[in-house]
Amino acid sequence: MYGSRIAGTGVSVPDRVLTNADLERIVSTSDEWIVTRTGISERRIASDSQATSDLAERAAARALEAAAVDPIDVELIVVSTVTPDTFFPSTGCILQDRLGASHAAAFDLSAACSGFIYGLSVADAYLRAGLMRNILVIGAETLSKVVDWSDRGTCVLFADGAGAALVQRTTGDSRILSTHLYADGSKGKQLIIPGGGSRHPVSQKVLDENLVKIKMANGNEVFKVAVRSMEDAALAALKANGAEITDIDLFVPHQANARIINAVAQRLGMPKERIVMNIDRFGNTSAASIPIALNEAVRAGRLKPGDLLLLAAFGGGLTWGSALIRW
Ligand code: ACO
């Protein structure tokens, strides 16, 4: 039976570091507030000339190198992003050209912070079906370009970065065991960029009303839904595989807020030492947060063959999901 495995990971984040002290000079906030409410100390912000594809390209190249796969052998590129370079062509197509992946189909996937797990699920389905051998899944964002830098409720949270995984067909035991995806469009307005699309095309009025920027209706409500949904998705993964929380060797949650991660961990009964948390240094990079954290864990030797790895995410849409992986 075919399955799929993560054969290599790679990351790229901008060089520019924006600290909480820097933010104190932009909006009415404090390092103390940001650290205690979110766990974030600093984040990476793209330069004016850096677009999502620039970060994604480097992350993808590193994942290909780690997997020892030639770009010519990639058959599909999935870029999960809510900050594509352009509406079209897709950022996936831009990468297909730049990576020299001339045999690959390519598209972008919009599932906000759950994007990497959604992308992984798509890749897993193609590979399990035996339709392809090598798929690049990339979570990449330049959220700094769509953050309202006058809104202290959101601008302290979001950041830029890219993480990639080369997902490969396998017949071995190291494989993605399951993915679970969920959505609730009825709560979509809780996290939204209202303007710039066909509902409110770019106009002077739309720009004046700041509609081409991230709006979060009720951070508190988002917080509660995030905790509940990530817990539910994680439990669904365990149940589907007859696993217990004590079987999990490593948990890589979406890095939205350290308090959200701690609350999910507490409800699941997951000890701190088995959780990957790097939000203090990278903030919330949406679709990029899980692959960035996963890459860090891989490079730090926190995963060995046979380990059970749990991923869980929550984001705009609303969307949420989980993946259980035998490493
Ligand atoms: N600095 C200082 N004060 C602030 C800031 C800030 N940056 N932001 C908000 N405040 C103030 C508020 O105005 C409020 O003041 P008031 O009581 O005078 O009205 C006070 O702090 C408390 O605000 P709350 O919103 O109740 O604070 P809370 O503890 O809920 O923390 C936060 C806010 C961090 C946004 C939290 O609700 C949260 O993390 N929610 C989830 C957000 C999230 O993760 N969104 C993205 C997830 S999905 C995705 O990743 C796309």
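Let me start with P89, which sits in the loop between β4 and α4, and I should say at once that what we are looking at is a predicted model. The peptide bond that joins F88 and P89 is cis, with omega at about 5°. There is a second cis bond to look at, from G317 to L318, where omega is near -15°, and L318 lies in the loop between β12 and β13, the latter being residues 319-326. For context, most peptide bonds are trans, and most residues other than glycine have a negative phi. On that second point, A68 has a positive phi, near 55°, although A68 is not a glycine; its place is in the loop between α3, residues 52-67, and β4.

That brings us to β4 itself. Strand β4, residues 76-80, pairs with strand β5, residues 105-109, in the parallel sense, and the pairing runs over 5 bridges. Between these two strands the chain passes through helix α4, residues 91-99, and the resulting β-α-β crossover is right-handed. If you want a single pair to pick out on the screen, take S80, whose bridge partner in β5 is L109.

Now to the ligand. Which residues come nearest to the ligand? Of the 23 residues around the ligand, they are T29, R37, C113, N257 and N284. For N257 there is a polar contact to describe, since an N or O atom of the N257 side chain is 2.5 Å from an oxygen atom of the ligand. A polar side-chain atom of W33 lies 3.3 Å from a ligand oxygen atom, and for R259 the corresponding distance, again from a polar side-chain atom to an oxygen atom of the ligand, is 3.5 Å. Taken on its own, the ligand has 1000 Å² of accessible area, of which the protein covers 74%.

As for where the shell comes from, the elements that give two or more residues to it are α2 (31-38), α6 (152-155), α8 (219-240), α9 (258-268) and β12 (308-315). The largest share, 4 residues, is from α8. In terms of domains, the shell draws at least three residues from domain 1, which spans 3-172, and at least three from domain 2, which spans 177-326.

And what is the chemical make-up of the residues in this shell, divided into nonpolar, polar and charged? The division is 10 nonpolar, 10 polar and 3 charged.

Definitions and conventions:
Residues are numbered from 1 along each chain as its sequence is written. This is a predicted model: local features need pLDDT of at least 70, side-chain atom pairs count only at pLDDT 80 or more; totals for chains, interfaces and linings use all residues. Side-chain values use heavy atoms; hydrogens and water are left out. Two strands pair if DSSP finds at least two bridges between them. A crossover is right-handed if, with the strands pointing away from the viewer, the path from the first strand over the helix to the second runs clockwise. A residue is near a molecule or strand if one of its heavy atoms lies within 4 Å of it. A polar contact is a pair of N or O atoms within 3.5 Å; within protein, one must be able to donate a hydrogen and the other to accept it, and residues adjacent in sequence count only if both atoms are side-chain atoms. Accessible areas come from the Shrake-Rupley method with a 1.4 Å probe; for residues, only the protein chains shown count as cover. Ala, Val, Leu, Ile, Met, Phe, Trp, Tyr, Cys and Pro count as nonpolar, Asp, Glu, Lys and Arg as charged, and the others, Gly among them, as polar. Domain bounds come from an automatic or database domain assignment.
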